[in-house]
Each structure stands twice: as C-alpha cells, then as structure tokens.
Amino acid sequence: MEIVILDGVDAVDRTAADIVERTVRSTHVSIPVLGLATGSTPVGTYRELARRHREEGLSFSHCRAFLLDEYIGLARSAEQSYFSFIRENFVDHVDLDDAAVFSPDGEAHDIAAEAQRYDAAIAAAGGIDVQILGIGTDGHIGFNEPGSSLRSRTRVKTLTEQTRTDNARFFDSPEAVPHHVLTQGLGTIDEARHLVLIATGESKAEAVAAAVEGPLSAHCPASVIQWHPHVSVLLDDAAASSLALAEYYRYAYANKPRWQHL
Ligand SMILES: N[C@@H]1[C@@H](O)[C@H](O)[C@@H](COP(=O)(O)O)O[C@@H]1O
C-alpha cells in the first residue's frame, strides 16, 4: 500500500489520471478493463482524462469499464442514477464505447440473479485492471457499508443514514435518496489488479485514517485495501490530516526510486 499525499486536489486528479492512462496505453493489456467510481471525488480525474483525450490523443476505444454500484429502484435514465452519472461526467466526453460500459442494473426483477450476473461479467472480461475508489465518510467503498463482509460479492446493501444524508445533495430532497443499492462486494473489489483510492477534503480525514491505519475490520469496509498487494492511496493535505504517519508517507514518496511506478 502506497500512501501519497499531494499538493492540492489538481495534483490528486492528475496523479490518478496518470495511473489510468498508463493502463490504457499499456502494450501488455489488449483490452484494458477500468473500474469506475462515482461520487464527486473522481470527477476531476475524469475531467483530466477527457482533456487528455481531446488534447493528447488518449483513446479509450479499446477499453471496457465496470461501475462499482447502483441505486435500486431508480430508473437508469434518472439523472441521479450512476448509469447516468458516469456518462455525464466521463463516458460522453471520451471515445469509450457506450456498450462497453457496464453497471449493475438496479431495476432488475431478480436482483439476486443480477448481482451474480454482474460478478460473472467482470470475471468474463478478465477482471479489472485498475479500480478507482472514493471513500464515504463512514468508511464505505462502493456502497459497502460498515458491517460488510470482507469477502462479500456483488449484492444488495442498505444505506446508512449517514450515507443517505451525504448523498442527499444529488437529489431533490433527502427523502428521495433510495434506501437500497446493488454494489460490488469487498471481495469483488479486492480482485481488481490495482486499487486507486482517492480522497480529498477534511470530511474524509477520519475515514481515511481508519481505512489506512486502523485495524482490518468490517467496521471500516475501506480497510480491506490493506489486504491488497497493489494499492495507491492518493490524498490531499486535508484528507491526510488525521494520519499518524503522514511524515513518513511524504518522505517515502519523495524518495521513491525513479524506476518504480505507483
Ligand atoms: N457509492 C459512492 C462511493 O463510491 C463514493 O466513494 C462515495 C463518496 O462520494 P464523494 O466522492 O461524493 O464524497 O459516494 C457514494 O456513496
């Protein structure tokens, strides 16, 4: 696990974009599979990737993408659905084929079957090469709320009131935020080959400290990243402000061997 404390949100966006770009341009991977997160944190990364597409010829036409999660009971066409969110904030601005962008169907009649189908689709694509992750203020990744099994697969979860309140800003009223979601499990996420967790702002500081320096525990689902062999945690100063070993992380990154990528 590498913890990188960067100078401002733009640097976080650029560094996350660098990692995605490296995967997309890799000659070792014929069909790069991207794991996309929603929420406001990765929007700057997506904007930077779209800029590189426009100005630097970065092409996503050979890529596939899988979303982490979706609300249950919200039409895909609703502007708050993650299906719509990822198109508005990323897919519509690059040359990624819309048909190559997959997300759990929160309107499926048989939601348990849909969850299994989604895990199988990720496996059939060869797994995810690079997974972007945000983090909720209660330590969730995807929509894996506290108490999520560390080896869970894609399934239904009930949102905490904290998450519903945090996400109310995207809806007309707090009551409109769905109670249930379909989310990749922590075990599903753990199978991605590279996890890139990004967090900015002071509101994420406690959750980041619990995820990175706390015990590996279902109480803080994001702590599952400690178990993974290739993790980059990209933070601004505010999101890093509760880390006990911040000084060491800065020192280690500043002295990183030049031949080593994130
Ligand atoms: N399901 C998403 C998560 O994937 C995201 O990480 C989290 C944080 O969102 P934000 O980046 O807006 O703080 O929000 C939602 O709950």
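1. A polar contact is a pair of N or O atoms within 3.5 Å. By that criterion, in this predicted model, Ile 135 makes such a contact with the ligand, since a backbone N or O atom of Ile 135 lies 3.3 Å from an oxygen atom of the ligand.

2. Two further contacts deserve a look alongside that one. The side chain of Ser 40 places an N or O atom 2.7 Å from an oxygen atom of the ligand, while a polar backbone atom of Gly 142 is 3.0 Å from a nitrogen atom of the ligand. The ligand, which taken alone exposes 390 Å², has 94% of that area buried by the protein.

3. As to the surroundings, the ligand sits in the largest pocket, and 14 residues lie around the ligand, of which Ser 40, Thr 41, Asp 69, Arg 169 and Lys 204 come nearest. The shell divides into three nonpolar, eight polar and three charged residues.

4. On the aromatic side, a search of the whole structure finds eleven pairs. One of them joins Tyr 71 and Phe 143, whose ring centres are 5.4 Å apart and whose planes stand at 55°, so the pair counts as tilted. This pair links distant parts of the chain, 72 residues apart, with Tyr 71 in strand E4 (residues 69–71) and Phe 143 in the loop between strand E6 (130–133) and strand E7 (155–158).

Methods: Residues are numbered from 1 along each chain as its sequence is written. This is a predicted model: local features need pLDDT of at least 70, side-chain atom pairs count only at pLDDT 80 or more; totals for chains, interfaces and linings use all residues. Side-chain values use heavy atoms; hydrogens and water are left out. A residue is near a molecule or strand if one of its heavy atoms lies within 4 Å of it. A polar contact is a pair of N or O atoms within 3.5 Å; within protein, one must be able to donate a hydrogen and the other to accept it, and residues adjacent in sequence count only if both atoms are side-chain atoms. Accessible areas come from the Shrake-Rupley method with a 1.4 Å probe; for residues, only the protein chains shown count as cover. On a 1 Å grid over the protein atoms alone, a cavity is a set of points where a 1.4 Å probe fits but cannot get out, and a pocket is an open set with protein on both sides within 12 Å along at least five of seven lines; lining residues have an atom within 4 Å of a point. A molecule sits in a cavity or pocket if more than half of its atoms lie within 2 Å of its grid points. Ala, Val, Leu, Ile, Met, Phe, Trp, Tyr, Cys and Pro count as nonpolar, Asp, Glu, Lys and Arg as charged, and the others, Gly among them, as polar. Rings of Phe, Tyr and Trp (its six-membered ring) pair if their centres lie within 6.5 Å; planes under 30 degrees apart count as stacked, over 60 as edge-to-face and the rest as tilted. Helices (H or I, at least four residues) and strands (E, at least two) are DSSP runs, numbered from the N terminus.
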